[in-house]
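Open the structure in your viewer and keep the selection tool at hand. The stops below say what to select and what is there.

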Amino acid sequence: MKSRKPIPLLKLRKRKHSQPGQSKKDQNLNINQNEDTDQEQAVPIHLHRELKKNIEYIKQMVGNSSDIVIREFDLGQTGEIKIAIFYTDGLADKSFVNDFILESLMVNIRTANLGSDVLSKKNIYEIIKSHSLPAGEINELVDFNKVFYHILSGDTVVLMDGFLKGLSIGSRGWADRGVQEPSSQTVVRGPKDGFSETLRTNTALIRRRIKDPNLRIETKQIGKKTQTDVSIIYLKDVADEKLVQEVKARLKKINIDAILESGYIEELIQDETYSPFPTVYNTERPDSVAGGILEGRIAIVVDGTPFVLLVPALFVHFFQSSEDYYQRADIATLIRFLRYFAFFLALITPSAYIAVTTFHQEMIPTPLLISLSSQREGVPFPALVEALMMEVTFEILREAGVRMPRAIGSSISIVGALVIGQAAVEAGIISASMVIIVSLTAISSFVSPTFNMGISVRILRFIFMFLAATFGLFGIILGLIMMVLHLNSLRSFGIPYLAPNAPFILKDQKDNFLRLPHWSLHSRPALINQQETVKENTASPKPPQPDEANQ
Amino acid sequence: MKKKWKILMFYIVVLCLLTGCWSRKELNEIAIVTALGIDKSEDGYIISVQIINPGEIAGKTSTGRTEVVRFTANAGTVFEALRELTTDVPRKLYLAHLREVVIGEPLAKEGIGKVLDFLSRDHELRTDFYLTVAKGSPASEILNVQTALEKIPANKLFSALENSEKNWARTKTVKLDELIDSIVSNGKEPVITGIYVYGDHEAGGDFTNVQNVSPNIGLRINQLAVFKKDKLIGWLNEDASKGFNYITDNIKSTVVNVPCQNGKVSIETVRSKTSVEGKIENGKPKIHITINSEGNIGEVQCEIDLSNQESLHKLEEEYQNNIKDKVEEAILNVQEEYHSDIFGFGEVFHRSDPKAWKRYEQNWDEEFSNLEFTVQVEGKIRRLGTITESFQNETRE
């Protein structure tokens, strides 16, 4: 428990951020990744001077994996220069390897005009590096860890006999789903592109939206076995430096064998594990991420998943949709209120119904009470059991609907309508009003623009139902008080979870429950961002003044 | 530390479950009482309750059973009688949705103070029900009548009381707090509206009654019962009841008939405001009542030229006189017959001259009986309706 607490921001400043390996790669100007690899795990095994031994070692390490391609060939008049290239079939772009690497090395290099130089065993490395590879991304390798990383990431590695170093050529290109419409956060108005499983595609989608040299994309590998690329993306002049350091420090602490999805990272870096409320935001939408980065938040992109994380994530963020900023301000504000209302409906409708019908019948208007009580005639279970049965049935239906193969989806909806519906009422198992309550709860829980917050409501709803069944409305109020206290205690990367409501920040209320017109949103959120706070300075639109028009 | 927390959490969870939801009542475990009748018996009270049968009222299929059920019990106190009913009623009586309390006339004459104690003490009761006095029959018989149109008789009484107070102004709705206030106050005495059964009392519970287009048996509210402290001492007639409502500024809308040539004109009062002032003049208390009333022409049954200012002024004068007569009649009637200050004149004096009130307080009933008063009515006719001239004028010529 103690170790999961956030590191105070002040302490971070003293800690030095070591960056080993930086000096070795100074010459490699073409690298667009800042390979800030703090791989403490393995002792580097250096390349051998003899190519044969290197090939043997690689073969020994990968076993007889069929997808690792090793191509050996000779160069020079007498064939005294031995070269080998390595790539992974399926991950590397085969036509690129053939057309630009193999062809240049095997054919073009013989006919190339090298000026005064003569191709020899001594200078082959320099000639290849500076003349013969028509590729953009080239890295120099000295140890096997790097060699394996590049081969298994889809790059092509070139090793030459007689050198303690090799080259890797960026040739990644594998079958990709492409940029498709996101399936989880759809909008009516707004961009329809979504992240895909490839990190590079995802960073490109963000870069395309923020064409600012200050946008930093810093990548490192996490996961001893998976070596998953994880990028943090932020705006240098907007994001809080301390926050960036905090995120880096938390990522650095991760020591795990595999990262298969951003959910791993989320759980490993979040402030509070034992809370139903999410403190990390995830989205499939590049525009949401770009918006977050422009607010001074930090995006964490993980290779292999379309879900990108945004930190810090506050309570209010889960009620804001990117569409709020594309629609007119008035309807966006109303919809935000609707979302909060639906949140409370989803949270306490079943429990309020239980409390009122079993403890506080005097609160119900007489005609409604008569109608409710006539529906309950003949229902064999207490209200709590009735509600639990229906809620659990609904959860089962929902889970079945998510996991089930698409083809049999329609059968579930037919059966589902029977279980939660008129048939259940007619069978005398539950009352009709409970069906309405459960349906209302179900609809309301889908209003939340983020799936995360819907999950916390699902969990808490059951706790509230038990509280209501034991203590009535008193229990619900107790539960709400405890929930608010808990929310107050939460922090997301050092930022109070309920900001800007608690602590109350007047300036940020313009884009909180309300969404005022864009020309009035002058500043970025106060707590998250502390550097460049001015967002825009557009004057509010006005009709042309008559005297101006006359001139 | 962690272990302690776990143990504490365990105890908290267990404690929650051990309480066993002691005050939990499912909806199908309670009997919703909508009306309560209280009658006098030899050694205590006869309590009758009207319980609704929800399945019959809101259910989809009707089984032919009655919508409400009446149960009675006889015991020494109201509370005891209600508990005794459990021997007859299969569910726990739930009094929070009570709409109507009916008190038998003999009990009212003896004093209602004792039974009101239970009504205001019990935590389950809300105080938004209306109190009425059964006239000419025991309260249990009032509760034994099936009413047409409204399935729940208590609801019928509840809405009839509200509607007739608003539109007819000869009755008055009385809630528990107001009743107890006026019983306790020296300068004000309570009134309660009366209910009676028309038709055959005995057959009121018969279901065939409500299957008739024109039901033979039913409940009707009328007249106000005059109380002195908590004892009923008599009834006001209809005109005096209306006069009473004028004085207590309880008129929202009513109908006033005024004579004209050889017929009548009905005027609908749409707005009325009364102010009562009390003054000591020559060592004697004196009441001055000012009524501002506005009306529209509702019906014309005589030859009158409504476009003529003169005739309208005449009508207004008649209108004022009519109201003035009713008010004066009400006061004189109560002064002579009942000597009970139901109008709250005592409180008016109490407010305007607290020191003088101290002198009169002890002897107020006597003072009230000899109280001098003046009534001033300002009546205005505002609108003539959708036609001005009555077409009858043309047919007669």
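The tour goes through chain B of a predicted model, from its domains to one helix and then to one sheet.

**Stop 1: the two domains**

Colour residues 27-236 of chain B as domain 1 and residues 238-397 as domain 2, following the domain assignment. Their centres, taken over C-alpha atoms, are 32 Å apart. Where the domains touch, domain 1 of chain B contributes 22 residues and domain 2 of chain B contributes 26.

Now select α7 (153-167), β8 (218-228) and β9 (231-236) of chain B, the elements that each give two or more residues to the side of domain 1 that touches domain 2. Which of them gives the most? β8(B) does, with six residues. Colour this side of domain 1 by residue class, and you should find eight nonpolar, eight polar and six charged residues.

**Stop 2: helix α5**

Stay in chain B and select α5, residues 113-121. Show the side chains of V115(B), L116(B), F118(B) and L119(B), which are buried. Look down the axis of α5(B): the buried residues fall within an arc of 155°, so they line one face of the helix. The general rule behind such a pattern is that an α-helix has 3.6 residues a turn, so residues three or four places apart point the same way.

Next, select S120(B) and R121(B); are they buried or exposed? Both are exposed, on the other side of α5(B). To see what covers the buried residues of α5(B), add elements of chain B including β1 (30-40), β2 (45-52), α3 (78-84), β5 (100-104) and α8 (176-184).

**Stop 3: the four-stranded sheet**

Hide the helix and select β10, β11, β12 and β13 of chain B, which form an open sheet in that order with mixed pairing. At the edges stand β10 (254-260) and β13 (372-383) of chain B; each has a single partner strand, so one side of each is left without a neighbour in the sheet. On average, neighbouring strands of this sheet are turned by 35° against each other, direction ignored.

Zoom in on β10(B) and β11 (263-281) of chain B, an antiparallel pair joined over seven bridges. To look at one position, select V256(B) and its bridge partner in β11(B), I267(B).

Finally, add helix α10 (309-337) of chain B, which packs on the sheet and touches β10, β11, β12 (284-300) and β13 of chain B. The direction of α10(B) makes about 145° with that of β13(B).

Terms used
Residues are numbered from 1 along each chain as its sequence is written. Chains are lettered from A and ligands numbered from 1 in the order in which they are written. This is a predicted model: local features need pLDDT of at least 70, side-chain atom pairs count only at pLDDT 80 or more; totals for chains, interfaces and linings use all residues. A residue is buried if 20 or more other C-beta atoms lie within 10 Å of its own, exposed if 12 or fewer, and partly exposed in between; C-beta atoms are placed from the backbone. The arc is that of the directions from the helix axis to the C-beta atoms. Two residues are in contact if their C-beta atoms, placed from the backbone, lie within 7 Å. Domain bounds come from an automatic or database domain assignment. Ala, Val, Leu, Ile, Met, Phe, Trp, Tyr, Cys and Pro count as nonpolar, Asp, Glu, Lys and Arg as charged, and the others, Gly among them, as polar. Two strands pair if DSSP finds at least two bridges between them. Axes are lines fitted to C-alpha atoms, for helices over the stretch in contact, and angles run from 0 to 180 degrees between N-to-C directions.
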